[in-house]
Amino acid sequence: MIASKQYLSIPELMAWPWLVHGFGLAGFSLEELKKAPELSPFQPVVMKQLHSGRVFFLEAAPEEKLAGDGLVTASAGLLLIVKTADCLPVFLVDPENRAVAAIHCGWRSTLEKILVSACGLLRTKCGSRPENLRAALGPCIEQKCYEVGPEVRESFSAAGFEPARIFAPTMNKNKFYLDLREANRLLLTAEIGLQPGNIYELGLCTFCSNDLYSYRRDRQTERRLVNFIGIKEPG
Ligand SMILES: [Zn+2]
C-alpha cells in the first residue's frame, strides 16, 4: 500500500504505466480529483449508484448519468468512478487486453453477484480470461464491525453462498457479522476463476479508520470516498 495524501494505491497495479487507480481517502472529493494533475487528462464517469447488479460497458463517456453499480471499459481517457462509505470498491484489470472495471459492492450488489456480471462483460467485450484478471479490493466495513439481520443471511444462503464462510455469530442470536470482502473474494475465485494470488487487498476498515468515511459510523448520508481507475491515453 502506498499512500499519497489523497488516495491509496496498490503497488502491483502501479507496475503498469498505462494504468491509473486510487482508493480515495476522506477529503478527496470529485472536485479534488479533477484538480489532481495526474488525473486532469481524464474524463470522469460517475454513476447514480443503486445497490444493484447493473454493469455497463463504455466505449466513450455516456451522455447522461448511468444508473448502476459497475463500469467496464477498454477505452483510454475515461476515469471510472465508484463512490463508497462502507461498501466495498473493487477494481478489475486485464493487463493482456488493457481493460479495466470499477464496481460498487455493497451487500445487495454482492448478492446480485455484480462481479460475475462485470467479468462477463470483460470476457465478451474485451476477450478477458479470468486466469489473467487482477482484482483490487479497497477499504470497506470489516466483518467485526458489520452487523446485519437474519434476512441478509437468508438471502445470501438462498443465492448459493455458504453462510459459514461469510457470516459469524454475534452476542445476539438474531444478528450476524457479514464479511463483505470474503463474499466477493469467493465470487472471484470460486465462481469467476481468478487466481488467489491475483487478488490484492487493502485491509482497512472504513468504520475503524478516521481517514475513511463510514456511513454506519458517521450517519452522514452525503460523504463518500471517491475511488477511480482508468487507462491512460498513449503518448
Ligand atoms: Zn472496523
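Here's a quick briefing on the pockets, sheets and aromatic pairs in this structure. Keep in mind that the model is predicted. The largest pocket comes in at about 520 Å³, and the second largest holds about 160 Å³. On the fold side, there's an open sheet of 6 strands and another open sheet of 3 strands. The aromatic side chains add 9 pairs.

**The largest pocket**

- You're looking at a volume of about 520 Å³ here, with 23 residues in the lining.
- If you want to find the centre, go to His51, Ala85, Cys87, Tyr215 and Arg224, which are the lining residues closest to that point.
- Strand S7 (78-84), helix H3 (107-111) and helix H8 (215-218) each put at least two residues into the lining.
- By residue class, the lining splits into 9 charged, 8 nonpolar and 6 polar.

**The second largest pocket**

- This one has about 160 Å³ of space.
- Its lining is made up of Tyr7, Ser9, Leu13, Met14, Trp16, Pro17, Leu19, Val20, His21, Glu38, Phe228 and Lys232.
- At least two lining residues come from each of strand S2 (7-9), helix H1 (11-14) and strand S3 (19-24).
- S3 gives the largest share, with 3 residues.
- The class count for this lining is 8 nonpolar, 2 polar and 2 charged.

**The sheet of 6 strands**

- Reading across the sheet, the order is S5-S6-S9-S8-S10-S14, with mixed pairing.
- Strand S5 (55-58) and strand S14 (199-201) are the edges, each pairing on one side only.
- Ignoring direction, neighbouring strands in this sheet are turned by 15° against each other on average.
- Strand S8 (residues 88-94) and strand S9 (residues 99-105) run antiparallel and are joined by 7 bridges.
- For a specific contact point, phenylalanine 91 has alanine 102 in S9 as its bridge partner.
- Helix H4 (residues 114-126) packs on the sheet and touches S5, strand S6 (70-73), S8 and S9. The direction of H4 makes about 165° with that of S9.
- Helix H7 (residues 180-192) lies across S8, S9, strand S10 (134-137) and S14, and H7 runs at about 165° to S14.

**The sheet of 3 strands**

- Here the order is S11-S13-S12, and the pairing is antiparallel.
- The edges are strand S11 (147-148) and strand S12 (167-169), and each of them pairs on one side only.
- S11 connects to strand S13 (residues 176-178) through 2 bridges, with the two strands running antiparallel.
- Valine 148 sits opposite phenylalanine 176 in S13.
- Helix H5 (residues 150-158) lies across S11, S12 and S13, at about 55° to S13.

**Aromatic pairs**

- The structure holds 9 aromatic pairs, including one between phenylalanine 28 and phenylalanine 228.
- That pair is tilted, with 6.1 Å centre to centre and 50° between the planes.
- Phenylalanine 28 lies in the loop between S3 and helix H2 (30-35) and phenylalanine 228 in strand S15 (residues 225-231), so their pairing ties together parts that are 200 residues apart in sequence.
- Phe228 also turns up in the lining of the second largest pocket.

Notes: Residues numbered from 1 in each chain as written. Predicted model: local features only at pLDDT ≥ 70, side-chain atom pairs only at ≥ 80, totals over all residues. Heavy atoms only, no water. 1 Å grid on protein atoms, 1.4 Å probe; cavity = no way out; pocket = protein on both sides within 12 Å on 5 of 7 lines; lining within 4 Å. Points joined across faces, edges and corners; volume = space filled by probe spheres on them. Helix = DSSP H or I, 4+ residues; strand = E, 2+ residues; numbered from the N terminus. Nonpolar A, V, L, I, M, F, W, Y, C, P; charged D, E, K, R; others polar. Pairing = 2+ DSSP bridges. Axes fitted to C-alpha atoms, helices over the stretch in contact; angles between N-to-C directions. Contact = heavy atoms within 4.5 Å. Phe/Tyr/Trp six-rings, centres within 6.5 Å; stacked < 30°, edge-to-face > 60°.
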